[in-house]
Amino acid sequence: MILLWLACAAPSSDTLIDELRILAILTDVPEAVPGQTVASETVVFDPFEDHQLLQWTCSSFAPGTCLEADSESWEGISLNEYYTEFMVPPELVLVADESPKPFLSRWALACEPNACPFLDDFSEPLSDDLRDRLQDPMELLRDLPLEGVSLAVRSIDISTRSNPRINPELVCEGPDQAAPAETVEYACEVSGEFDTGASIWGYTSGGAWIGDYVSLSTGDTEVLYSMLAPEEQGEIQLWLVIIDGAAGTSIWSGSLNVQ
Amino acid sequence: MMLLNALMALAMAGEPRLPEVVYAAPAVYPEAELAAGIEASVLLRLQISMEGEVVGVELVEPNGSSFEQPAILAAMASRFTPAYDAEDQPSGAVIGYRIVFDVEIAPPISVEGTISDAVLFVPLDNVRIEARSSDGTVAFALTDEEGSFELAGLASGAWSLLATRDDLVPELTEIEVTDGSVIIAEILIMTDTSEYEASDLEIIIEAERGDSEVVERRITADEIQYLPGTGGDVVKVVQNLPGVLRSPLGTGNLYIRGTAPEDSATFLDGGPIPLVFHFAGLTSVVQGDSLEEVAFVPGNSSARYGRILGGVVDLRTTTGLPEEDTRFTSIDIFQASLFLEQRLGDSTALTIAGRRSYIDAILNPILNNMDSGLLVQAPRYYDAQLRLVHEGAATWDFMIFGSDDRFRFLGGGDDEVLAAYADRFLRARIRRLKETGDYRHETTFSVGPENRFFEQDDGDSEAFELDIGASLREEIEIAPTFERPVGFRAGLDIIFGEQSFVFDFGPAREEGKSLYLAPGGYVEATVQMGRLAVVPGLRMDGFGFANGYWANTIDPRLSIKYALPSSTLLKGAVGRYSSFPTFRQVDEDSDGSIDLLASRSLQVSLGAEQQIGEYLTVELAGYLNEMSDLVVGREDRLRFYSGPPPIGPFDTEPYANDGVGRSFGSELFVRYEDSNSTGMLSATWSNSTRQDRPDEEAELFIYDQPLVFTALWSESLPKDYRLGIRVRSGSGNPYTPVINRFYNLSSRTFVPVYGESSSGRLDPFFSLDLRIDKSWDFERWTLGGYLELQNATNTRSPELLAWNADYSEEVIFTSNPLLPVFGLRGDW
């Protein structure tokens, strides 16, 4: 317990990304109306840039099943496309804002070469076996290696509200050069509606951010976030991801030249 | 004629006469030697009184043979004429007397008998038996280590056997001896230890009085003071006993016979107390010097204990006034203690005791020098007891005691609390105890709050559970006696109060409050039939909350003991046990279920105890605990854990009585104790499984430890030194491995994908503790000191498995490194 708390204020090794990782799935709206088409962008860090990326949508009233699986063509499925569009199933409108509340998840699976053999044979229409496995991604993971695979999910709220939530905004400024092991500070302007859990998460390809994240509260407009530059020289990539505590998210990316 | 007599007297006066044998009591021929045809003679020196009685016997050439004791006993029973001096006056004399053991004329055995404790059924040695016939002939015998004795060559007719020993109530038994037959006499005698008062100078660990339980443990305080790893804490010795699994990370929780800590219960004088150990199990919450005994019952407890599925630890304070005042203060690296027990007049005594740990004072500067931006207040605890005992027609005992454990993490500002945890309770207890002979009437009432509290981010998030409760126990007991072999115990066991809880973390706020009432009653009989003792019992409990929840249970119980003549005690028991859900589990306003039933347990135990020689005792016990209607579900709720945080996958379905469990195993306990040495060896083999839902498979209980082994030895050395060693080893706990994970981008957390449940197991545990004690006696006080090396081999045994943030690596928390502990204690 003591070590856990001390770690919170120390350079966080968890912010260092040195292997294949899906960092974010950005959607143009975080809260969608049934039948609405949503644009999506997936941000992946891959030090070798030779991965495959499978994305699909699962909308449901209960875990383990996807409405999309009932159609011959799985809505929103794509292979190796980072900018996609998908439509929120219109069926969800019938029970929106009622219980059980429907949910929509956007899944992304990134695999290094040979890590996910079924992607080599990917074709539509999907086989029954793959349909079953996409409906239960945790079962899908049981057959995949721990290394060289990154599976991520984000949720998109289904709502018919007249004033749906929008994504928060995040703009950061900081030095583009630093000495090895130097601590540098980034000043970020934020805007949006922040619920409990709203925060900015740091990721870097070298060094470490000071702390896993910075918490946000309603009314916050400026945030300072520090990072420790690596000992080694060279250019590193930086990402800051803001989540608003609901479904909204945005990303800021930059680079730092360590000399 | 007168002249003739005078002349004869003059003639005789010059010839003193030695004693002559009037009756030569037959000596019992040692059985083995008789069978082997070995003959012998024993030369004795007898001191004969002026009345011709043997008043002293001494071996002239002692050699330790088995003939010596029968010869001495026979000589003591023999009768002589007095010696006469030169003036023909009777006088005392010392003579040589040889008893010959001749196979051809060995006297037949007339009586074979055993003498045992009337309550404990343990054999009694060194009991003197005086057999006396109607014509005044006597014979003597002495019981051996197995309580056995023999009398040989008794004439036909009526004989009375009088059994005596300093600590015995003399027992007279009439028998009829006939030629050609052997009388079998089995004599039960009440001893001081049969009764319920333990020595004031001892603290003992033993089974509940009345011995309804199958397994009982007894260890003296003198041993405990010097046992390595216990810090002299009487309650901590329980952790070394069979049936107690090793507590992960040394948390001090009691995992008894494959059950969770919350399934067992801790009492002080029959009233429930919420915890028995301070943080990390460093020491118990009540000073051992306040305790007369600690009853540890791993299973099949008597009907006086309820609302449990596992074992019982009952701390029992002394029941009378202290024989002498006790004052001491002690310090070690963890804590400082003060204990004052003072008699106030003839009938009143006052006790004041307290402890304060100062781990925080040592650790805080170290931790806060790490430039982390945090101020850490390491764990610290207090406990205190204030007690007044008055002895009149009945004993009145008033006591206030409490315990307070807490630690905090502070932020940069002095008043900013990042996280804090506290676990504390306070009790006021009054007890009235009246004992007359075999009758005992005890009334105990205690009241006070107990709470666990956690807060985070300066109070933005908090959780607490608060119970302001009272307990009333009224018990009447009529103990069995030799003349009336049926005893009874009946009692009321009522608890009531108010439970409340708050779990406020972000949007998930839960809170509730309710009055509760839990009436209970029990009755138990003890029927002794010779060597057999049967104890049937019945317990009834109810439990209700103000929201309309009510459940009740009826739990029959039975235990049997049978004492064999060979110092063997066979024991068996079967019984039902019940526990009740918490208010949070039945509160429908916070996702509880009012339809929950009581959880049930069927416990069966079988055991045997064998005394070997004077110093060695071996116990073997087997047990089965079948649990049903266990409350499962909602493992995703925030709650206080009794041990390390559980590792998923979690059952998030609503609460239900769907869980079943099974725990079985065997326990071996070997004890050796003589005037210089104390040794214990305990081993527990066990298996414990749980099945949470009917459609799931049974899996290992998270604290299943198939083998736990502890060996202890403490040896007294010259010049007031004492050395001790403890070796502990045991299986690691099972765990469910993580085989993969995915990333939840909405919460920025990794979600683990678990493999087969409980399919992994941590490596075994091992530790070696060494201890040396030394005491110095001064004119007015005594100083004792010790140095203890805990985990002397610096073995870092795995205790808990966790994962890094993305579940790509296992993180193993290990046991403490080598830790030297030293302490001083001054008594005055």
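Begin by selecting chain B, whose secondary structure comes to six helices and 51 strands. What you have on screen is a predicted model, and it scores ipTM 0.92 and pTM 0.73. Chain B has 828 residues, of which 41% count as buried. If you look at the contacts in chain B with a separation of 6 or more, residues 24 or more positions apart account for 63% of them.

**Colour chain B by confidence**

Colour chain B by pLDDT, which is the predictor's confidence in each residue; the average for this chain is 84, and 89% of its residues score at least 70. Now select residues 1-13 of chain B, where pLDDT stays under 50 and where the model has five contacts beyond four places in sequence. Residues 192-212 of chain B also have a pLDDT below 50, and this stretch has 59 contacts in the model beyond near neighbours in sequence.

**A sheet of three strands**

Next, select β11, β8 and β14 of chain B, which form an open sheet in the order β11-β8-β14 with mixed pairing. Which strands stand at the edges of this sheet? They are β11 (148-152) and β14 (183-189) of chain B, and because each has a single partner strand, one side of each is left without a neighbour in the sheet. As you turn the view, keep in mind that the twist averages 20 degrees from one strand to the next.

To study one pairing in detail, show the backbone of strand β8, residues 109-117 of chain B, together with β11(B): the two pair in the antiparallel sense over five bridges. Within this pairing, pick Thr114(B), whose bridge partner in β11(B) is Ser148(B). Strands of a sheet pair through backbone hydrogen bonds, either parallel or antiparallel.

**A sheet of four strands**

Move on to β10, β9, β12 and β13 of chain B, an open sheet of four strands that has the order β10-β9-β12-β13 and antiparallel pairing. The edge strands here are β10 (138-142) and β13 (171-177) of chain B, each of which pairs on one side only. In this sheet the twist averages 25 degrees from one strand to the next.

Within the sheet, select strand β9, residues 128-133 of chain B, which runs antiparallel to β10(B) and is joined to it by five bridges. A pair to label is Ala131(B), which stands opposite Ala139(B) in β10(B).

**Two helices of chain B**

Keep β10(B) visible and add helix α3, residues 68-77 of chain B. Is this helix largely enclosed or left open by the rest of the structure? Eight of the 10 residues of α3(B) are buried, so the helix is largely enclosed by the rest of the structure. The buried residues are Pro70(B), Ala71(B), Ile72(B), Leu73(B), Ala74(B), Ala75(B), Met76(B) and Ala77(B). To see what covers them, show the elements that include β2 (40-48), β3 (54-59), β7 (93-101) and β10 of chain B.

Then go to helix α2, residues 31-36 of chain B, and pick Ala35(B), which has its place there. Is Ala35(B) buried or exposed? A residue counts as exposed if 12 or fewer other C-beta atoms lie within 10 Å of its own, and Ala35(B), with 10 other C-beta atoms within that distance, is exposed. Now add Val103(B), which is 68 residues away from Ala35(B) along the chain, although the C-alpha atoms of the two are separated by 9.0 Å.

**A buried strand**

Further along the chain, select strand β20, residues 291-297 of chain B, where six of the seven residues are buried, so that the strand is largely enclosed by the rest of the structure. β20(B) pairs in the antiparallel sense with strand β21, residues 312-317 of chain B, over six bridges. In this pairing, Leu291(B) stands opposite Thr317(B) in β21(B).

**Turn to chain A**

Finally, select chain A, which has four helices and 17 strands. Along its principal axes the C-alpha trace of this chain spans about 55 × 45 × 35 Å. With 259 residues, a compact globule would have a radius of gyration near 18 Å, and chain A has 20 Å, which agrees. Buried residues make up 39% of the chain, and among contacts in chain A between residues at least 6 apart in sequence, 69% join residues at least 24 apart.

Coloured by confidence, chain A averages a pLDDT of 87, with 93% of the residues scoring at least 70. The last stop is residues 1-8 of chain A, where the pLDDT is below 50 and where the model has 11 contacts beyond near neighbours in sequence.

Conventions. Residues numbered from 1 in each chain as written. Chains lettered and ligands numbered in written order. Predicted model: local features only at pLDDT ≥ 70, side-chain atom pairs only at ≥ 80, totals over all residues. Pairing = 2+ DSSP bridges. Axes fitted to C-alpha atoms, helices over the stretch in contact; angles between N-to-C directions. pLDDT = per-residue confidence, 0-100. Contact = placed C-beta atoms within 7 Å. Buried ≥ 20, exposed ≤ 12 C-beta atoms within 10 Å, placed from the backbone. Rg over C-alpha atoms; globule rule 2.2 N^0.38 Å.
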